[in-house]
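Here's a quick tour of two loop residues and the nonpolar packing in this protein. Have the sequence and the 3D view open as you read.

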Amino acid sequence: MRTKQELSDAIRRQRRAVLIVNAKSRRGRQLYSDARQRLTAAGFDLLATYPVDEPGELERNLDEAVGLAPDLLVAGGGDGTIGAAARLLAHRDIALGLLPLGTTNNFARTLGIPLDLDAAVGVITEGKVIDVDLGLAGDLPFANHVGIGLSADVMLRTPPRLKRMVGKLAYPATAAALMARHRPLRVSVRAEGRTREFTTHQLYVANGGHQAGRPITADANADDRLLVAYPVGGPTRRSLLGATVRNAATGHRRTLRHDPFLAVGELLVETDRPARVEIDGELSGETPVRLRVDANALRVMAAADVVDR
């Protein structure tokens, strides 16, 4: 395994990369050709390029891309695409370059990656390799978050066409339609020898610093050796709505010391009935689920002035 500096030098010197773009993400098809042209113009030797159109292609293409042994894998898409790439690249001697082309782009926001394509390519071209934490849900790595409850049901029910039409507003629109019949969960979170119990429609456990395109807190990030667990509201639908609005409006002013945040390195989540779990926007099993930090598991391209902890 090369050092981060050695890998940065190899990327700058040799420019050996692979490009994978989720062409079904909100802007993927529109920007796939632009991304390829900009990377080529920046001097990258693209060993292969993959516009992913069909379900099931992404994992297969990622496996093939890693087999080409590039120094850099550039992934374009939303948090599901980025999360899939992060899972595969965990503890590998390959850096991940991010092109945030999705709906909320939470992991890119956490890392300070610009949402503008030219600026994102600029980070890949002129930046440096850093390492950041991933979370582990059981043995499955995740980049940004685990959602239990309503968010998993929303992921199951949100029409892809609606996401393409209205972007991140598709999720609250679908949630509003589901809330009338959604039952709250009784949740138990066990961590550091203590147990917290509450009733809620939604629990998040975040590795990154953003959720739904907004800051979770002013000090949550993906390089602090912590996962942040927090319920969104209580047992009533009104409390869920109120907490959702409050989180979106005040997240940038709150810290991990405020309620209801629990920032720990490992936790076990149990619910009174099996509840769907979504990981980085993709459905993945049910509760109970054990979560922990996988410290410095992923190498990514970040801006040259980013502090690497």
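What follows is a short walk through a predicted model.

Let's start with the two loop residues, side by side.

| Residue | Loop | Relative accessible area |
|---|---|---|
| Gly 234 | between β13 (227-231) and α10 (237-250) | 16% |
| Asn 207 | between β10 (202-206) and β11 (210-211) | 1% |

Gly 234 counts as buried because its 16% falls under the 20% cut-off. Setting aside neighbours within four places in sequence, Gly 234 is in contact with Thr 199, Thr 200, His 201 and Ser 239. Pro 184 sits 50 residues away from Gly 234 in sequence, yet the two C-alpha atoms are 8.1 Å apart in space.

Asn 207 is buried too, at 1%. Its side chain reaches over to the backbone oxygen of Asp 133, at 3.0 Å. Beyond residues up to four places away in sequence, Asn 207 touches a string of others, among them Phe 107, Leu 134, Phe 142, Asn 221 and Leu 227.

Two of those partners lead us to the nonpolar cores. Phe 107 belongs to the largest one, which has 57 residues; Phe 107 is among the members that touch the most others, along with Leu 19, Leu 72, Leu 73, Leu 96, Leu 99 and Leu 298. Helix α4 (residues 79-89) gives this core its largest share, six residues. Leu 227, on the other hand, is part of a second, separate core of 22 residues, which also includes Ala 191, Ala 275 and Ile 279.

Back in the largest core, what does Leu 99 touch, not counting residues up to four places away in sequence? Its contacts include Leu 19, Ala 35, Val 74, Leu 117, Val 121 and Ile 124.

Technical notes
Residues numbered from 1 in each chain as written. Predicted model: local features only at pLDDT ≥ 70, side-chain atom pairs only at ≥ 80, totals over all residues. Heavy atoms only, no water. Helix = DSSP H or I, 4+ residues; strand = E, 2+ residues; numbered from the N terminus. Buried < 20%, exposed > 50% of the residue type's maximum accessible area, 1.4 Å probe, protein only. Contact = heavy atoms within 4.5 Å. Polar contact = N/O pair within 3.5 Å; in protein donor to acceptor, adjacent residues only side chain to side chain. Core = buried A, V, L, I, M, F, W, Y, C linked by side-chain atoms within 4.5 Å.
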